[in-house]
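Student: Hi! Could you walk me through this structure? I'm new to it.

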Amino acid sequence: MKIVIVIPTYNEADNIGRLVDILQQEFLKRPGHDFHTLVVEGNSPDGTANVVRDKMKTHENVHLLMEKEKAGLGAAYVYGFKEAMYEMKADVIVEMDADFQHDPKDVVRLVDEIDKGYDYVIGSRFAKGGSIPEEWAFKRKFFSVGGNIFSKIVLGIFNVNDFTSGFKASRVKGFVDRLPLDTILSRGFAYKIDLLFKMHRLGAKIKEVPIKFGLRDRGNSKMENNNMTDSLRVVVTLRYNENKNFVKFLAVGGIGFIVDAGLFNILRIGTLSSRNSALASGFTAMMVTFILNNYWSFGERKIDGTKKKVVGFIVYIIFSSIPIAVRSRLVGFSVSMFGDTALVSNTAFLIGIILGLIWNFTVYSKIIWKGKK
Ligand code: GDD
Ligand code: MN
């Protein structure tokens with residue numbers, strides 16, 4: 001397999017030469033693979049590029065990609081990934097830092113897991129046996145651990161403990177080549193969460209390998225100050241994007257309720273009897289919610305054609321009536337069992353609404369507006 005180690009650098013002249021040399025030694029341990037090192041240089045003023053050019057004279061598997069300017073870690077990786085994938089035809093891409101916080105001796109450990117059939121191997125600081133530096137201030141440790149727990153819960157990915165690790169190996173075919181690299185959610189460090197989430201949703205077999213995250217050998221960290229809020233934004237955006245339909249569906253339900261209650265009272269005070277008002281307002285509200293769901297909540301799967309719309313609307317009414325009927329039975333049953341008090345009837349009514357929401361959303365997204373695959 002062709003394996004390309006992508007290393008972004010900014011002012012790493014003191015580190016990159018030694019790292020390249022050690023990696024060359026490590027590559028010899030797995031002679032079955034064709035290893036290459038690709039440095040993505042953010043146009044550092046300290047001469048990092050020249051150190052790499054010097055190494056290229058003696059090692060033909062060392063490559064240099066020059067950025068016009070420092071454009072953030074996410075941007076550097078996207079540039080490096082594309083080069084590795086399309087120009088160098090890599091089968092596996094390894095990402096790692098230049099400052100020895102990632103132990104070059106761990107590269108073969110990651111690659112071994114790819115050989116075993118995993119698609120996405122994460123060098124994890126928070127897996128059993130991994131660690132972060134003792135010397136880190138409490139605040140940094142706290143945000144690092146807390147951020148990972150938050151990401152885990154919000155994204156619903158429970159087999160990963162380190163969402164922002166910068167040390168990992170990814171299979172290209174079927175995975176990196178299917179990532180939407182041109183629309184990453186962050187050009188900074190938080191892009192890692194974005195890509196991890198998408199890898200997971202692509203069905204990658206994920207493996208965490210514990211690593212000891214060292215202290216930076218020389219030079220300074222380039223971590224942006226807005227790193228925390230940026231990561232938070234990425235996590236929430238990923239979740240929202242996936243549940244956009246549901247959030248919109250809830251909004252449409254709210255609008256439906258306002259139309260229903262408003263029209264009911266207008267008609268009742270005006271001309272119609274209460275019974276007919278309830279019927280007319282209920283039907284109008286259903287029509288309104290159907291149209292809003294069709295053009296907005298499920299807009300990307302909307303029903304076209306008059307005949308199909310009429311059929312769709314009838315099916316919509318039938319399915320939407322079911323939870324209403326169930327709810328009224330539930331309320332009736334509850335008050336007969338526990339007494340007709342405000343608490344009992346309202347609790348039953350609320351449970352009915354929640355069941356109805358789940359029912360309607362499932363039916364709408366799976367039957368009425370089922371996406372074309
Ligand atoms: N080309 C380029 N452009 N390289 C960059 C840039 C940039 O804008 N910013 C940073 N780098 C390079 C650095 O030279 C280094 O090799 C690597 O990217 C990581 O940068 P550091 O500044 O050392 O990052 P860190 O140690 O604070 O963060 C590391 O740990 C984080 C988790 O705590 C990284 O591995 C992050 O990816 C990780 O999320
Ligand atoms: Mn670092």
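Tutor: Happy to! Buried means under 20% relative accessible area, with a 1.4 Å probe and protein chains only. Helices (H or I, at least four residues) and strands (E, at least two) are DSSP runs, numbered from the N terminus. This is a predicted model, where local features need pLDDT of at least 70. Residues are numbered from 1 along each chain.

Student: So why is helix 6 largely enclosed by the rest of the structure?

Tutor: Helix 6 covers residues 191-201, and 8 of its 11 residues are buried, so the rest of the structure largely encloses it. Among the buried ones are Tyr191, Asp194 and Phe197.

Student: And what covers those buried residues of helix 6?

Tutor: The cover includes helix 3 (73-87), strand 5 (120-124) and helix 7 (227-269).

Student: What happens just after helix 6?

Tutor: Gly203 takes a positive phi there, about 85°.

Student: Switching topic: how much space lies in the second largest pocket?

Tutor: About 860 Å³. A pocket here is an open set of points on a 1 Å grid over the protein atoms alone, where a 1.4 Å probe fits, with protein on both sides within 12 Å along at least five of seven lines; lining residues have an atom within 4 Å of a point.

Student: Which residues lie nearest its centre?

Tutor: Of the 27 lining residues of the second largest pocket, those are Gly253, Phe257, Ile324, Arg327 and Asn360.

Student: Which helix gives the largest share of that lining?

Tutor: Helix 7, with 9 residues.

Student: Any annotation?

Tutor: An unreviewed UniProt entry annotates residues 5-143 as "domain: Glycosyltransferase 2-like". That span is 40% helix and 19% strand.

Key: Chains are lettered from A and ligands numbered from 1 in the order in which they are written. This is a predicted model: local features need pLDDT of at least 70, side-chain atom pairs count only at pLDDT 80 or more; totals for chains, interfaces and linings use all residues. Side-chain values use heavy atoms; hydrogens and water are left out. Buried means under 20% relative accessible area, exposed over 50%, partly exposed in between (1.4 Å probe, protein chains only). Contact means heavy atoms within 4.5 Å. Grid points are joined across faces, edges and corners, and a volume is the space filled by probe spheres set on the points. UniProt positions are given in the numbering used here, feature names are shortened, and annotations may be inferred rather than shown by experiment.
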